[in-house]
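Q: Please choose one part of this model and take me through it closely, placing it within the rest of the chain as you go. I would like a connected account, with reasons given where they can be given.

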Amino acid sequence: MPSVIRVGGPTPPPPHPSIVARVEEMLATAERPLFSFEFFPPASEDAERTLWTTIRELEALSPDFVSVTYGANGSTRDRTINVTRKISQETILRTMGHLTCVSQSAQDVRRVVGAYADAGVRHILAIRGDPPGGPTAPWEQHPEGLTNATELVRLVASLGNFSIGVAAFPDIHPDKRDPELDARILVDKAEAGATFAITQLFFEPDRYFELVERVRAMGCDLPIIPGIQPVTNIKQIERFAELSGATLPESMVTRLRAHQDDPASVRAIGLEVATELSENLLDGGAPGLHFFTLNRSLATRAIHANLKLSRAQHLSRPGPTSPVSPSSASGFALPPVEVVRRFWAARLDDDRDAMGALLDPGVSWRVVGDGVPGARAFDHREAVLDDLGSADSGSWSHELTNLIVAGDQVVTELRATMHTADGPGTVFDIVAVMRIADGRVVECREYRGQAFARVSASVRDGGSS
Ligand SMILES: Cc1cc2nc3c(=O)[nH]c(=O)nc-3n(C[C@H](O)[C@H](O)[C@H](O)COP(=O)(O)OP(=O)(O)OC[C@H]3O[C@@H](n4cnc5c(N)ncnc54)[C@H](O)[C@@H]3O)c2cc1C
């Protein structure tokens with residue numbers, strides 16, 4: 001190939017380091033945990049549109065990498081390669097393709113690696129994959145294929161200079177249920193050429209730390225990134241746990257089941273659980289977090305925002321003489337989503353004390369209304385509490401129907417229904433944008449007659465509605 005000689009013109013800038021650096025290099029040098037997002041290949045045009053909206057929304061968070069899963073049958077494989085190629089070529093995201101050896105010869109696997117390389121994809125998550133009968137069906141090796149993920153790692157490493165990730169199992173792989181074997185297999189994978197691992201979903205931080213300890217005790221320093229699955233739906237998470245062998249802690253299930261008929265509360269609790277788990281893992285030294293997004297951005301963005309803020313709060317933790325602020329069990333100020341969730345729960349219960357504890361004394365509260373019940377403004381806690389308590393709560397019921405987090409602001413939607421002697425009557429939606437500092441609401445703008453989507457989009461875009 002002739003070499004290219006550039007005559008005149010500006011020297012091209014060096015490639016952006018964040019695009020060129022490999023995951024293992026970032027893991028070795030980054031002064032903060034890495035964040036990454038996992039997608040699956042969409043099965044329809046509608047699903048593809050949803051995925052691209054999600055990718056664009058999550059791209060704004062500058063993740064360190066994103067990955068696309070690999071399905072068990074041929075059509076899914078083509079979709080995986082196509083969407084991975086498109087993300088790699090049409091976004092600035094570092095993109096990792098998953099690769100399995102299910103129902104494929106070694107030659108088929110080589111071809112897929114070639115397709116990834118052609119698309120500029122240099123990161124591959126090499127996993128065995130589950131047989132077409134599902135994760136609990138017995139493994140069937142292709143007659144000309146590979147036996148396990150370790151062989152796959154070796155094959156990919158032999159084909160080029162790839163950055164190779166592998167799977168790890170804090171809750172123990174369900175096939176053999178042998179923690180020592182799981183750790184030894186990770187060591188084998190590292191020796192075969194893997195440079196990092198990502199875990200299956202799990203909910204108890206200790207399981208992760210135990211796995212890391214077992215691997216370290218075998219003399220292997222393979223970085224292990226925890227995989228985080230935000231719970232947004234009880235049935236779905238029970239199914240995922242069954243398939244992956246993950247254990248659902250009793251306390252979490254009880255918390256979720258107590259609100260199973262209220263999807264907004266289930267989501268809020270799910271976000272809280274995932275935030276707490278992520279915080280515990282990062283505080284214990286996990287090198288990053290890999291979010292299974294299920295091709296939606298809302299939950300992942302909310303957790304990402306919670307973590308950023310709560311980690312900042314860890315740094316500026318109030319000293320012993322600082323005023324006491326509402327805190328979580330760990331003693332730190334509550335994350336914004338939790339403050340807002342508790343505030344509305346107290347509001348719905350008409351619990352003035354609980355509401356007051358979550359409001360800053362100098363809270364600025366503005367109601368911007370098109371009539372019902374009218375615009376008004378307050379600049380201190382007592383006035384807000386008097387106003388909230390003045391409505392005849394017996395005639396109204398409220399329901400939290402939507403919630404997103406954007407930095408230190410949380411946008412919620414409440415559906416208010418008026419009850420008369422003839423039954424439920426007028427219904428209207430209240431959209432509220434709350435700014436939280438140090439575990440308290442310092443500012444709230446309540447909108448009447450405005451769509452949640454419009455207000456939340458403008459908060460996301462401009463940081464204010
Ligand atoms: C982050 C992540 C992403 C994933 N993405 C996908 C995806 O895109 N597509 C997909 O189909 N699946 C995916 N999976 C699921 C994965 O394919 C399954 O969990 C699979 O059952 C195990 O994969 P593995 O790479 O760990 O396999 P392996 O390491 O090969 O292990 C598989 C089984 O073989 C046993 N075994 C392996 N080596 C040995 C040995 N030397 N001696 C004795 N026993 C051995 C193990 O104990 C285990 O029971 C993913 C999992 C994770 C954690």
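**The barrel and the ligand shell**

A: L201 stands opposite G227 in β7, and this pair is a convenient place to enter the part I have chosen, in a model that is predicted. The two residues belong to the pairing of β6 with strand β7 (residues 224-228), which is parallel and is made over three bridges. That pairing is one step in a closed barrel of eight strands, which runs β1-β2-β3-β4-β5-β6-β7-β8 with parallel pairing throughout. Within this barrel, neighbouring strands are turned by 30° against each other on average, direction ignored. On the side of β6 and β7, helix α8 (residues 205-217) lies across β5, β6 and β7, and its axis runs at about 160° to that of β7.

Another pairing in the barrel can be followed in the same way. β3 and β4 are parallel to each other and share four bridges, and here H98 is the residue that stands opposite L125 in β4. In a regular strand the side chains alternate between the two faces of the sheet. In β4 both faces are covered, since H123 and L125 on one side are buried, as are I124 and A126 on the other.

Helix α6 brings the barrel strands and the ligand together. Its buried residues are A149, T150, L152, V153 and V156, and because they fall within an arc of 155° when seen down the axis of α6, they line one face of the helix. An α-helix has 3.6 residues a turn, so residues three or four places apart point the same way. The buried residues of α6 pack against β3 (95-99), α5 (106-118), β4 (123-126), β5 and α7, a list that includes both partners of the pairing between β3 and β4.

A149, one of the buried residues of α6, is also among the closest to the ligand, together with T69, R128, N148 and D175, in a shell of 25 residues. By character, the residues of this shell divide into 11 nonpolar, 10 polar and four charged. At least two residues of the shell come from each of α6 (149-159), β5 (163-168), α7 (179-192) and β6 (196-201). The strand with which this account began, β6, gives the most to the shell, with three residues.

At β8, which pairs within the barrel described above, F291 is a residue worth looking at. F291 is buried, because 25 other C-beta atoms lie within 10 Å of its own, where 20 or more is the cut-off. Leaving aside its neighbours within four places in sequence, F291 is in contact with F37, E38, I228 and T300. The C-alpha atoms of F291 and S36 are separated by 6.2 Å although these residues are 255 apart along the chain. In the protein as a whole, residues 24 or more positions apart account for 71% of the contacts with a separation of 6 or more.

Two loops that adjoin barrel strands contain a backbone feature to check. Most residues other than glycine have a negative phi, and most peptide bonds are trans. N295, in the loop between β8 (288-292) and α12 (298-315), instead has a positive phi, near 65°; with 19 C-beta neighbours inside 10 Å, N295 counts as partly exposed. S62, in the loop between α3 (45-59) and β2 (65-68), likewise has a positive phi, near 55°, and S62 is exposed, with 10 other C-beta atoms within 10 Å.

To set the barrel in its context, the protein has 16 helices and 14 strands, and 40% of its 465 residues count as buried. A further sheet, open and of six strands, has the order β10-β9-β14-β13-β12-β11 with mixed pairing. In this sheet β10 (376-378) and β11 (396-406) stand at the edges, each with a single partner strand, so one side of each is left without a neighbour in the sheet. The twist of this open sheet averages 20° from one strand to the next, and helix α13 (residues 336-348) lies across β11, β12 (409-420), β13 (423-437) and β14 (440-448).

Note on methods: Residues numbered from 1 in each chain as written. Predicted model: local features only at pLDDT ≥ 70, side-chain atom pairs only at ≥ 80, totals over all residues. Near = placed C-beta within 6 Å. Nonpolar A, V, L, I, M, F, W, Y, C, P; charged D, E, K, R; others polar. Buried ≥ 20, exposed ≤ 12 C-beta atoms within 10 Å, placed from the backbone. Contact = placed C-beta atoms within 7 Å. Pairing = 2+ DSSP bridges. Axes fitted to C-alpha atoms, helices over the stretch in contact; angles between N-to-C directions. Arc of directions from axis to C-beta.
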